[in-house]
Amino acid sequence: MSQHTAANTLACLDRGHGPVVLLVHGFPLDHRMWEHQIDALAANHRVLAPDLCGFGDSNLPDGKVSMDCYAKALDALLTAKGVKEPVHLAGFSMGGYVALAFLRLFASRVGSLMLIDTKAAGDSEEAAQGRAKLAQKVLAEGSSVAAEAMVPKMFSDATLKDHDQATLVSQVRQMMEEQDPAAVAAALDAMAHRPDSTPCLAKIRIPTLVIVGEHDVITPPAEMKKVAGEIAGSKVVTIKGAGHLTTMEQPVAVNKAMKDFLGGK
Ligand code: MLT
């Protein structure tokens, strides 16, 4: 973890040399959800895998957070890292919501986009209310409550039932349980209040890859295909045998999709 240093900005793993790939994690996780992609991509790229505000080793700022607030912290991180050229931006789930906010705010910083198990639409009122209730419980009882709610939805049924995958499932549960409850509650609030990014999709003019797990119940393939349908020239890769957390559940297939997409970029 020597490269994973918390400076004034976000804590960020920084590995490899070449064009920058910025990996934005999901909820309630941190940069470790990209562990299989970091080494695979760092062979030809400089990989930046930050912890979003309050997650992992990053500090939670005072006051409310929002997708724009996460995006602004990523912009400050790129500045602190001396990155001037457009980056290849990959966002997983909540990280995809952040990626779309980043693209809206800092379009010139993005050269290509990878949207992984995410969506563009905002929350329904019912979903937003569910998040508010969960946030209250997390603040009262700790992040294990969020882990309890999320773990069953992160993987395919086959993975959840497979004894050989028990280590993976408990690794993810532990990562969730380790997150600061205040950061988890703040992210729930930020997701509940995020804007609908659907109108932004038709304006995307950069190469875009959409990756989705075949059995994703949080951001299902049909939803992701709708997202791709709005983005001119985008490509969809469906990951067989995976649920939501494709990057950890089927890393070989995800790495191949990302590397094929990045190609000589
Ligand atoms: C995530 O994986 O980041 C979350 O499932 C996103 C969400 O709850 O909308």
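# Exercises on a predicted model

Helix α4 has 17 residues and reaches 24 Å from its first C-alpha to its last, close to the 24 Å expected at 1.5 Å a residue. The model is predicted, and the exercises below refer to it.

## Exercise 1: the faces of α4

Task: Determine which residues of α4 are buried, and where they fall when seen down the axis of the helix.

Solution.

Step 1. Apply the cut-off: buried means under 20% relative accessible area. In α4, Ala128, Arg131, Leu134, Ala135 and Val138 are buried.

Step 2. Look down the axis of α4. The buried residues fall within an arc of 120 degrees, so they line one face of the helix. An α-helix has 3.6 residues a turn, so residues three or four places apart point the same way.

Step 3. Turn to the face away from the buried side. Exposed residues are found there: Glu125, Glu126, Lys133, Gln136 and Ala140.

Step 4. Identify the packing partners. The buried residues of α4 pack against α3, α5 (144-154) and α8 (181-192).

Step 5. Inspect the end of the helix. Just after α4, Gly142 has a positive phi of about 110 degrees.

## Exercise 2: the burial of α8

Task: Establish how many residues of α8 are buried and which elements cover them.

Solution.

Step 1. Take the length. α8 has 12 residues, and its first and last C-alpha atoms span 16 Å, close to the 16 Å expected at 1.5 Å a residue.

Step 2. List the buried residues of α8: Ala183, Val184, Ala185, Ala186, Ala187, Leu188, Ala190, Met191 and Ala192.

Step 3. Draw the conclusion. Of the 12 residues of α8, 9 are buried, so the helix is largely enclosed by the rest of the structure.

Step 4. Name the cover. It includes α2 (67-80), α3, α4 and α5.

## Exercise 3: two helix pairs

Task: Describe the packing of α1 with α12 and of α5 with α7 by angle and axis distance, then give the handedness of each crossing and the residues in contact.

Solution.

Step 1. Choose the description. Two packed helices are described by the angle between their axes and the distance between the axes.

Step 2. Begin with α1 (residues 35-42) and α12 (residues 251-262). Their axes are 10 Å apart, and the packing angle is about 35 degrees. The crossing of α1 past α12 is right-handed.

Step 3. Assign the contact residues of this pair. α1 contributes His36, Gln37, Ala40 and Leu41, while α12 contributes Pro251, Val254, Asn255, Met258, Lys259 and Leu262. Sorted by class, the contact of α1 with α12 holds 6 nonpolar, 3 polar and 1 charged residues.

Step 4. Continue with α5 and α7 (residues 166-177). The angle is about 145 degrees, with the axes 9 Å apart. The crossing of α5 and α7 is right-handed.

Step 5. Assign the contact residues of the second pair. From α5 come Ser144, Ala147, Glu148, Met150, Val151 and Met154, which meet Val169, Arg173, Met176 and Glu177 of α7. The class count for α5 with α7 is 6 nonpolar, 1 polar and 3 charged residues.

## Exercise 4: backbone features in loops

Task: Place the cis peptide bond and the positive phi values of Ser93 and Asp117.

Solution.

Step 1. Find the cis bond. It joins Phe27 and Pro28, with omega at about -15 degrees. Pro28 is in the loop between β2 (20-24) and α1.

Step 2. Examine Ser93. This residue, other than glycine, has a positive phi near 50 degrees. Ser93 sits in the loop between β4 (87-92) and α3 (94-105), and at 7% relative accessibility it counts as buried.

Step 3. Examine Asp117. Phi is positive here too, near 45 degrees. Asp117 belongs to the loop between β5 (110-116) and α4 (125-141), and its relative accessibility of 0% makes it buried.

## Exercise 5: His17 and Val98

Task: For His17 and Val98, state whether each is buried or exposed and which residues each touches, not counting residues up to four places away in sequence.

Solution.

Step 1. Locate His17. It is in the loop between β1 (12-15) and β2. His17 has a relative accessible area of 71% and is exposed.

Step 2. List its contacts. Beyond four places in sequence, His17 touches Ala42, Asn44, His45 and Arg46.

Step 3. Locate Val98. This residue is in helix α3. Val98 is buried, with a relative accessible area of 0%.

Step 4. List the contacts of Val98. Beyond four places in sequence, Val98 touches Val24, Leu52, Met67, Tyr70, Ala71 and Leu74. Met67 is 31 residues from Val98 along the chain, and their C-alpha atoms are 5.2 Å apart.

Technical notes
Residues numbered from 1 in each chain as written. Predicted model: local features only at pLDDT ≥ 70, side-chain atom pairs only at ≥ 80, totals over all residues. Heavy atoms only, no water. Axes fitted to C-alpha atoms, helices over the stretch in contact; angles between N-to-C directions. Helix = DSSP H or I, 4+ residues; strand = E, 2+ residues; numbered from the N terminus. Left-handed = near helix turned anticlockwise from the far one by under 90°. Contact = heavy atoms within 4.5 Å. Nonpolar A, V, L, I, M, F, W, Y, C, P; charged D, E, K, R; others polar. Buried < 20%, exposed > 50% of the residue type's maximum accessible area, 1.4 Å probe, protein only. Expected span 1.5 Å × (residues − 1). Arc of directions from axis to C-beta.
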